[in-house]
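I set out to record what can be read from this model, entry by entry. The coordinates are shown first.

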Amino acid sequence: MLQKSELNANLPLPPEKMPDCWNQDNRMNALFSPFRSKSANQQDWISKYKFWNNLIYKWLRHTERCSFSIFDLNEIFKRKGCSPLCLTTVTEEMLRNREIVSEEEFLKEPSNSWTIWSLDIFIKKPLTWSYYKMKDYVIGQNIDINTRYVHLKTVKEIAELILSNILNENENILISTTEILEKCKKEESHSDVSENTLKLALIWLKHHKKAVMKKSSINDELLVKFSTQTIHEISELEETLYKLLNQENKFEKEIELLEKEKIVIMDKVKTCLAKGLRQVAKTHLRKKNEIEKTIEKRAQILGNLRTLILSIQDTHSSSNVIDAFKLGSNILFQFEEKGLTEYKVRNVIDDVNEALENHKDVQSTLSEILPSADFESDSDLEKELSELINGDDVHESTTSINNKEELNDIEQQLRNLDVTGLPSPQKSLKTSTPIQKKKVLIQAENM
């Protein structure tokens, strides 16, 4: 039980983030041992590599780091006093796959090296491709365990998070590295970001044209400009505005401190008066008056400074508008050079109107009713239909009347007959159905 608590006390990650097998001695002994030949058991080799690859990534993200050395890993992942004996091989494989690069290579200006790899290595380049193409890379060389490597996936994620936090309210901002680090410390998700991690993250953003850096000419402070768009340099205007805004902020803080000091002195004046120390109270009061004069001067300077900043910003905005007008004017002149004139436009409009009129005439002509010798109007058809309907009604009515008269005559003749043994025709007809009646009448006629 004691061993387990001691083991948990030295975990590289919180217990909930550690792999389940960390407390299984047999499994961890196998994972801590050197790699065997890949050809002997390829599946076991890949599984072991993925275990360490994933654990290293988790540790980097948890600690807000994006660089490491083999020496660091050996110290961090110690278990029961033993360091893993396989991390050199893991590092070599990560180098082959270009998941990591040396800090020396990372700090160079990019050409066709790691920047291209870092964008697509996790999507486009499978493990087998990088293994066979890069199989001779660092193999057979003795890797220095103190050489530092940058984990490209981690530095990309940290850099983009810093970028999103800085640009949370502003699309384009100029800020010093000291201020960036202070902002990161205030953010719970970035509270562990070190100066080295910030440097590497900024270099990643610089390589990808999302940030530019410039040393200030006043205090040698490193200024950084972030943007969601591709940027190339910090202009003289942006640097000047940054300095003025910085100075404005300093004056505001000075005035705030002077106001607090004035309040403290007034409390002392009141205390001295309460104790009857009038001369001492006068001394404090003079100091309070001097502070008020200083505040007034600082406030006047601050007002002038703000006026200057607004004037520069307004002039810059007007300059941008003028540039936009110039660009629009140039485009319009280009259209005119290509033949876009009022006369030509009027001719085109006239041609379009004429074409539309012709189209209407064609449609109207096509919709006209063609003459035909057999053509009959709607009124003629309606008349014929009415005659047919009326004719059918008259025919049915006449037929019905004739049949009724004929039936009555037959019934009368049957009444006049007196045949023994036959039922009365009248009675039979009354109790029979229409079909039975007809049968009876036919039988009577046949008799």
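**Entry 1: Overall figures**

I began with the contacts in the protein between residues at least 6 apart in sequence, and found that 65% of them join residues at least 24 apart. I note here that the model is predicted. For the secondary structure I recorded 17 helices and 6 strands. I then looked up burial: of the 447 residues, 30% count as buried.

**Entry 2: Packing of H3 and H5**

I turned to helix H3 (residues 42–62) and helix H5 (residues 87–96), whose axes lie 10 Å apart and meet at an angle of about 85°. H3 is therefore roughly perpendicular to H5, because angles from 65 to 115 degrees are classed that way. On the H3 side, I listed Trp45, Tyr49, Trp52, Asn53 and Ile56 as making the contact; on the H5 side, Leu87, Thr89, Val90, Glu93 and Met94. Sorted by character, the residues of this contact comprise 7 nonpolar, 2 polar and 1 charged.

**Entry 3: Aromatic rings**

I searched the whole structure for aromatic pairs and obtained 8. One pair joins phenylalanine 51 and tryptophan 52, with ring centres 5.2 Å apart and 85° between the planes, an edge-to-face arrangement. I checked the accessibility of both partners. Phenylalanine 51 is buried at a relative accessible area of 15%, and tryptophan 52 is buried at 0%. Trp52 also belongs to the H3 side of the contact with H5. I further noted that Phe51 and Trp52 are members of one aromatic cluster, together with Trp22, Phe32, Trp59 and Phe77.

**Entry 4: Lysines over rings**

I next looked for charges placed over aromatic rings. Lysine 48 lies over the face of phenylalanine 35, 4.8 Å from the ring centre. Lysine 153 has its charged end over the ring of tyrosine 57, at 4.5 Å from the centre.

**Entry 5: Positive phi outside glycine**

Which value of phi does glutamate 64 have? I read a positive phi of about 55°, although the residue is not a glycine. Glutamate 64 is found in the loop between H3 and strand E1 (67–69). With a relative accessible area of 7%, glutamate 64 is buried, since the class requires a value under 20%.

I made a second such entry for lysine 80, a residue other than glycine whose phi is positive and near 55°. Lysine 80 lies in the loop between helix H4 (70–76) and H5. Its relative accessible area is 47%, so I entered lysine 80 as partly exposed.

Note on methods:
Residues numbered from 1 in each chain as written. Predicted model: local features only at pLDDT ≥ 70, side-chain atom pairs only at ≥ 80, totals over all residues. Heavy atoms only, no water. Axes fitted to C-alpha atoms, helices over the stretch in contact; angles between N-to-C directions. Helix = DSSP H or I, 4+ residues; strand = E, 2+ residues; numbered from the N terminus. Parallel < 35°, antiparallel > 145°, perpendicular 65-115°, else oblique. Contact = heavy atoms within 4.5 Å. Nonpolar A, V, L, I, M, F, W, Y, C, P; charged D, E, K, R; others polar. Phe/Tyr/Trp six-rings, centres within 6.5 Å; stacked < 30°, edge-to-face > 60°. Buried < 20%, exposed > 50% of the residue type's maximum accessible area, 1.4 Å probe, protein only. Lys NZ or Arg CZ within 6 Å of the ring centre and 35° of its normal.
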